[in-house]
Amino acid sequence: MSYFRDVGALARKDLLLELRARDTLPAMLLFVAAVFVIFHFALPGTPSRLETTGFLWVAILFTALLGLGRAFVPEREQRTFDGLVLAPCDRSAIWLAKSLATLAFLAAAEVVALPLYVLFFHPIRGAMVAAVLLADLGICGVGTFLGAMAVVTRARDLLLPLLFLPLAMPIVVGAVGASVSASPGRYLGFLALYDLLFAVVCWASFEYVVAE
Amino acid sequence: MLTARRLGKRYGEKRVLRRIDLELPRGGFLVVTGPNGAGKTTLLRICAGLAQPTEGTIEREASRAQVGYLGHEPLVYRELTALENLELYGRLYRIPERRERIGMVLERFGLWEARHERVGSYSRGMTQRLALCRVLLHEPELLVLDEPYSALDEAGAELLDAQLAELRGERTFLVSTHDPARVESLASGRLALAT
Amino acid sequence: MRRIPLPALAVSSLVLVATALVFVFYVAPNDQTLGFSQRIFYFHVSIAFAAYACFVGGAWKALRHLWKRDPRADLESYVCIHQGLIFGAMVLLTGSIWAKISWGRWWVWSEDELVLFLVLYLFYCAYFMLRFSVDPGPQRANLSAVYALFGVVLIPVSFAAIRLAREFLHPRVFTLHGPNFGGWILVTYCISQAAMLVLAYTLYRLELGGKRLDARLRDLREVLA
């Protein structure tokens, strides 16, 4: 299907760009580690499992925001957005490709963040890993979409967290719940529902975000 | 090919275009002139489909795949090589025999030797030549060129002259320029914008 | 609905709000546990519902803008959401007062609806930041419309999320839907709800009229320039 070929071509471009620039991913890794340390000092003593799970998810969310803020920087700085918009491909492919690339970076950051979390705080369980995967989908899908919106505004980097955080609330609930609850299934199901619902909305409306 | 009636564009409080009428038949070559700030770029962006007018109408008989646009920015990624950039656009425009076609345009504009170097290391003239490669890669019916000569070195300008002369009549052109004399011989119509 | 003249709406709002005040303070019976001060709840719930109606209305207009290319819809969507935000602020205010009355604190996390409203309030404040950060034009209209649609999807999703999160918070305390929810309580609630909805619509028409006048004035100035 040519749609997925377009997505593949665009995602490849995004991954290549980051591999060459090599700034976003190292920054995200360092940020995660630094945030954990700050949390330790912010909540001294021995925090409970629920509290440290909260740390993890706040850290993931803000690390993701860091990466998302950078997602459309090449398109913005070099005005290459025009080039993509002119192409005959479905505009939503731009969003999907960028989301997948951002997902790859976030997952790479988490490959370091999760072991660090286990080292600093508490062991994790299978449901938490599943929650991480599902939450990442939602964060990258919605975050990339909002990143594209923020890029055309005057406020840019200021705006993305404001637009994103209210929408991230359900993700946090689902993710924390799945990580500590006795019955994580409900929460994982909720996360999956969130991902699906917002993916459809993003896919259907990206067309309108790029139109000038 | 292109018809615009009472076209207007406003960015917030600032009005950039006012009641423009434009008629560009298939195979024509329209030259747009005017001082800086007269709205040439905005007009060309609207004609290429990158912007929507705030007043008036525009009809374009070409689909997105048939339009080639050259703006002030080359629209290529600096961290990628020339080949990678053209590969990307080649895939997006679904060009048949992509490799051959890319090789052909790179050669025509003298960039074949530099194809594996990152665009960031190119000179300004080379980057503009690559932009022209990008525009011509998918053999568009409608070519919208915004000041194509501005960043070119003399060798590049000659290549462009040759290319325009070759395609004149076969394709439709909308070109804005500060140097109308250069394309005077090719022009079928002129449009002068005032501020 | 557009043909109802504004003066008639204003008068009906006034009448309805006055009636609602009378009913809330004199007619409705005292609440069994909280007494007289619980009455703010009538306003709290009706304002909340009116705010939801505004947000949904805003999203509907946003859809019309994107789908039907209705040229009036962008402004209507914006004004709807603006009203929703004003009413939303009142929800938070009345909710806070009610929390103080019921639990002695100015804010509680145990009330789902209040927390939901806080999240939505933040969301729609971001809507305004978005709108002010883009120059007026088709792009601003498109971005606002898309974000308004996100908002309306967020409402049920957040509600579900907050209910899910109850596992870790205090269980919900009884509010209005108790064994005595009938008779005068119901009547009072219906009147105050009607009053708030009509008030919201009146303010919406008022602001819309004002903004439309501004736009026409600007266009006229353009033509003369």
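**Entry 1: E113(B)**

I began with E113(B), which counts as exposed because it has 9 C-beta neighbours inside 10 Å, and 12 or fewer is the cut-off for that class. The model I am reading is a predicted one. I found E113(B) in the loop between α3 (98-108) and α4 of chain B. I then looked up its separation from L142(B), which stands 29 residues away along the chain. Their C-alpha atoms are separated by 29 Å.

**Entry 2: confidence**

I next consulted the predictor's scores. The complex receives an ipTM of 0.89 and a pTM of 0.89. For chain C, I noted an average pLDDT of 85, with 89% of the residues scoring at least 70. Among the elements of chain C, the lowest mean pLDDT, 85, belongs to helix α1 (residues 6-27), and the highest, 92, belongs to α4(C). I kept a general caution in mind: coordinates predicted with low pLDDT should not be read in detail.

**Entry 3: chain C**

I asked how many helices and strands chain C has. I counted six helices and zero strands, and the pattern along the sequence reads α-α-α-α-α-α. Chain C has 225 residues, of which 40% count as buried. I also examined the contacts in chain C between residues at least 6 apart in sequence, and 79% of these join residues at least 24 apart.

**Entry 4: where chain C meets its partners**

I turned to the contacts between chains. On one side, 25 residues of chain C are in contact with 28 residues of chain A. Which helices of chain C each supply at least two residues of the side that touches chain A? They are α4 (112-132) and α5 (138-165). The largest share of that side, 15 residues, comes from α5(C). I sorted the residues of this side of chain C into 20 nonpolar, four polar and one charged.

For chains B and C, I recorded six residues of chain B in contact with five residues of chain C. The side of chain B that touches chain C divides into one nonpolar residue, three polar and two charged.

**Entry 5: the nonpolar core**

I looked for the largest nonpolar core and found that it has 192 residues. The residues with the most contacts inside it are L163(A), L191(A), C133(B), V144(B) and L174(B). Helix α7 (residues 126-151) of chain A gives the largest share of this core, 15 residues. I followed C133(B) further, leaving out residues up to four places away in sequence, and found that it touches L86(B), V105(B), L106(B), F109(B) and L111(B).

**Entry 6: helix α5 of chain B**

I measured out no new quantity here but read the computed span of α5(B), residues 154-167. The helix has 14 residues and reaches 20 Å from its first C-alpha to its last, close to the 20 Å expected at 1.5 Å a residue. Which residues of α5(B) are buried? They are G156(B), L160(B) and L164(B). These residues are on the same side of α5(B), because they cover an arc of only 75° around the axis. Their cover includes α4 (124-137) and α6 (180-183) of chain B. On the face turned away from the buried side I found the exposed residues E154(B), A155(B), E158(B), A162(B), A165(B) and E166(B). After α5(B) comes G169(B), whose phi is positive, near 100°.

**Entry 7: positive phi outside glycine**

I then looked up two residues other than glycine with a positive phi. R79(A) has a phi of about 55° and lies in the loop between α4 (73-77) and α5 (81-86) of chain A. It has 14 other C-beta atoms within 10 Å, so R79(A) is partly exposed.

Phi of E139(B) is near 50°, and E139(B) sits in the loop between α4 and β6 (142-146) of chain B. With 15 other C-beta atoms within 10 Å, E139(B) is partly exposed.

**Entry 8: R5(B)**

My last entry concerns R5(B), which is found in strand β1 (residues 2-11) of chain B. Is R5(B) buried, exposed or partly exposed? It counts as partly exposed, because it has 15 C-beta neighbours inside 10 Å. Leaving aside neighbours within four places in sequence, I listed its contacts as D21(B), G56(B) and T57(B). R5(B) and L83(B) are 78 residues apart in sequence, and their C-alpha atoms are 40 Å apart in space.

How values were computed: Residues are numbered from 1 along each chain as its sequence is written. Chains are lettered from A and ligands numbered from 1 in the order in which they are written. This is a predicted model: local features need pLDDT of at least 70, side-chain atom pairs count only at pLDDT 80 or more; totals for chains, interfaces and linings use all residues. Two residues are in contact if their C-beta atoms, placed from the backbone, lie within 7 Å. Helices (H or I, at least four residues) and strands (E, at least two) are DSSP runs, numbered from the N terminus. Ala, Val, Leu, Ile, Met, Phe, Trp, Tyr, Cys and Pro count as nonpolar, Asp, Glu, Lys and Arg as charged, and the others, Gly among them, as polar. A residue is buried if 20 or more other C-beta atoms lie within 10 Å of its own, exposed if 12 or fewer, and partly exposed in between; C-beta atoms are placed from the backbone. pLDDT is the predictor's confidence in each residue, from 0 to 100. A nonpolar core is a set of buried Ala, Val, Leu, Ile, Met, Phe, Trp, Tyr and Cys residues joined through C-beta atoms within 7 Å. The expected span of a helix is 1.5 Å times one less than its number of residues. The arc is that of the directions from the helix axis to the C-beta atoms.
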